[in-house]
Amino acid sequence: MRSFTFLKIMFLLLISNFSFGQNLPLSKEGHVSVLTCGLGNESYSFFGHTAIRVTDPANNIDIVYNYGAFDFRTPNFVAKFAKGDLQYFVIAHSYNDFINTYNYERRSVYEQELLIPQEAKQKLFDNLNTTLLSEDRYYTYKFIDKNCTSMVVDVINKSLNKKVITKKEDTGITYRNILFPYFDGHFYEKLGTSVIFGTKVDQLGTKIFLPFELKNSLEKITFQNHALAGKSKTLLNFEKETPASWWNNIYTYIILLAFIVLINKRFIDKIYIFILSLMGIFFVSMGFYSFHQELAMNYNIMLFSPLLLFLIVFSAISNKKWTYKFAVLHLGLLFIYTVFIINKAHFFIVLPMIITSGVVLVRIAIKNKKRIPIII
């Protein structure tokens, strides 16, 4: 999402007759609504987007408040994002610029007007502007707990003086199950998130953290004995285009693993084991380095074990005894891992890798098992 500079934000507010340090009263014609934006094919847009729109024809206001902005020019951007201390912030767009962006990206936009009293609209408008024009506009992004959708939920609940917006569906399934369908058409992104996420995403998904969860919940929530939001209006309507890729699909994944299994070459097996061990080291490092709780307690390291590196070392120095022991150890870990994830959403996507690892480890164990000489 392209963002305006702070000066342009100020200009937008000024032309809307808003002066810094004062709250502009909304007229009776003022409306506040939640915008839900469709899914895209860029990694930052896989899950859609949420924003708040404030319109007031009497005051020439039509502004969209967006809690999902970040700056690619931030020093050490990738490291900060990985660590989990990247600062996101709220910005304002004119409605026309906002809708034109989504029209250009061919992503649907839906609007749900909040049916709340005038004083609640005013309080929400004031809270949005106060946040926008203060240091509170910055927040530390968290994948589940603090994002563009959860921040919208928080500011609305704060303005209504109670926790009105709560999740109304899918509270009995895990965050991992909720996320899985969003990766359709992006196979390796689905595989990557499946193995890098730890136990947090296996918790029940009781929090609203995705845009369409909020949209669906707003359709079912009541406030002061009536619906909190009006019926959803479609502002833009596009069918999501699922990308077709010759490489980013399950077929290349299966072919590569089948090649490893069928070729039955020692150096291929060692390369495979070496790659798994490096991934395991990366997962462990991220678990300690990153503030993202989703990356902590990653049981997938039973498949991507850093200790596989020792197996490579012992094999390289022809120490058959310890090569065999580490192969058997990892076969045990592989069995425990399989049992542990058999009821989880990502079981079938990692199953081919489990089978490949099992075959490779059995081959290594057999080749290094000490043979007892037969005395005649």
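**Buried serines, salt bridges and unpaired cysteines in a predicted model**

Ser-217 is buried, with a relative accessible area of 0%, where buried denotes under 20% relative accessible area, exposed over 50%, and partly exposed the range in between (1.4 Å probe, protein chains only). The structure is a predicted model, in which local features need a pLDDT of at least 70 and side-chain atom pairs count only at pLDDT 80 or more, whereas totals for chains, interfaces and linings use all residues. Residues are numbered from 1 along each chain as its sequence is written, and side-chain values use heavy atoms, with hydrogens and water left out.

Ser-217 belongs to helix H8 (residues 211-218); helices (H or I, at least four residues) and strands (E, at least two) are DSSP runs, numbered from the N terminus. A polar atom of the Ser-217 side chain lies 3.2 Å from the backbone nitrogen of Lys-168, a polar contact being a pair of N or O atoms within 3.5 Å, of which, within protein, one must be able to donate a hydrogen and the other to accept it, while residues adjacent in sequence count only if both atoms are side-chain atoms. When neighbours within four places in sequence are left aside, Ser-217 is in contact with Thr-166, Lys-167, Lys-168 and Ile-208, contact meaning heavy atoms within 4.5 Å.

Helix H8 also contributes Glu-213, which forms a salt bridge with Lys-167, the closest N and O atoms being 2.6 Å apart; a salt bridge is defined as a side-chain nitrogen of Lys or Arg within 4 Å of a carboxyl oxygen of Asp or Glu. Because Glu-213 lies in helix H8 and Lys-167 in the loop between helix H5 (148-159) and helix H6 (175-179), this pair ties together parts that are 46 residues apart in sequence. Both Glu-213 and Lys-167 are buried. A further salt bridge joins Lys-215 to Glu-219, with the closest N and O atoms 3.2 Å apart; here Lys-215 counts as buried at 11% relative accessibility, whereas Glu-219 is partly exposed, with a relative accessible area of 47%.

Across the whole structure, a search finds 12 salt bridges. One of the pairs is formed by the side chains of Glu-241 and Arg-106 (3.4 Å, N to O). This pair links distant parts of the chain, 135 residues apart, with Glu-241 in the loop between strand E9 (233-236) and H9, and Arg-106 in the loop between helix H3 (95-104) and strand E5 (109-113). Glu-241 counts as partly exposed at 48% relative accessibility, and Arg-106 likewise counts as partly exposed at 47%. In addition, Arg-53, Asp-62 and Glu-111 are linked in a network of salt bridges.

A second buried serine, Ser-290, has a relative accessible area of 8% and is placed in the loop between helix H10 (266-289) and helix H11 (308-316). Its side chain reaches the backbone oxygen of Lys-83 at 3.2 Å, and a polar atom of the Ser-290 side chain also lies 3.0 Å from the backbone nitrogen of His-292. Not counting residues up to four places away in sequence, Ser-290 touches Ala-82, Lys-83, Gly-84 and Leu-295.

In helix H11, Leu-308, Leu-311, Ile-312, Phe-314 and Ser-315 are buried, and the buried residues of this helix pack against H10, helix H12 (320-341) and helix H13 (347-368). Just after H11, Ser-318 takes a positive phi of about 60°.

The count of disulfides, each defined as a pair of cysteine sulfur atoms within 2.5 Å, comes to zero. The sulfur of Cys-37 is 8.5 Å from the closest cysteine sulfur, that of Cys-148, and this separation is too far for a bond. Cys-37 counts as buried at 0% relative accessibility, and Cys-148 is buried as well, with a relative accessible area of 12%.

At the surface, Ile-250, Tyr-251, Ile-254 and Ile-255 make a nonpolar patch of about 430 Å². Patches are made of residues with over 30% relative accessible area and no salt bridge, like charges being joined within 9 Å and nonpolar side chains (Val, Leu, Ile, Met, Phe, Trp, Tyr) within 5 Å, and accessible areas come from the Shrake-Rupley method with a 1.4 Å probe, for which, in the case of residues, only the protein chains shown count as cover. Tyr-251 lies in helix H9 (residues 250-263) and is exposed, with a relative accessible area of 62%.
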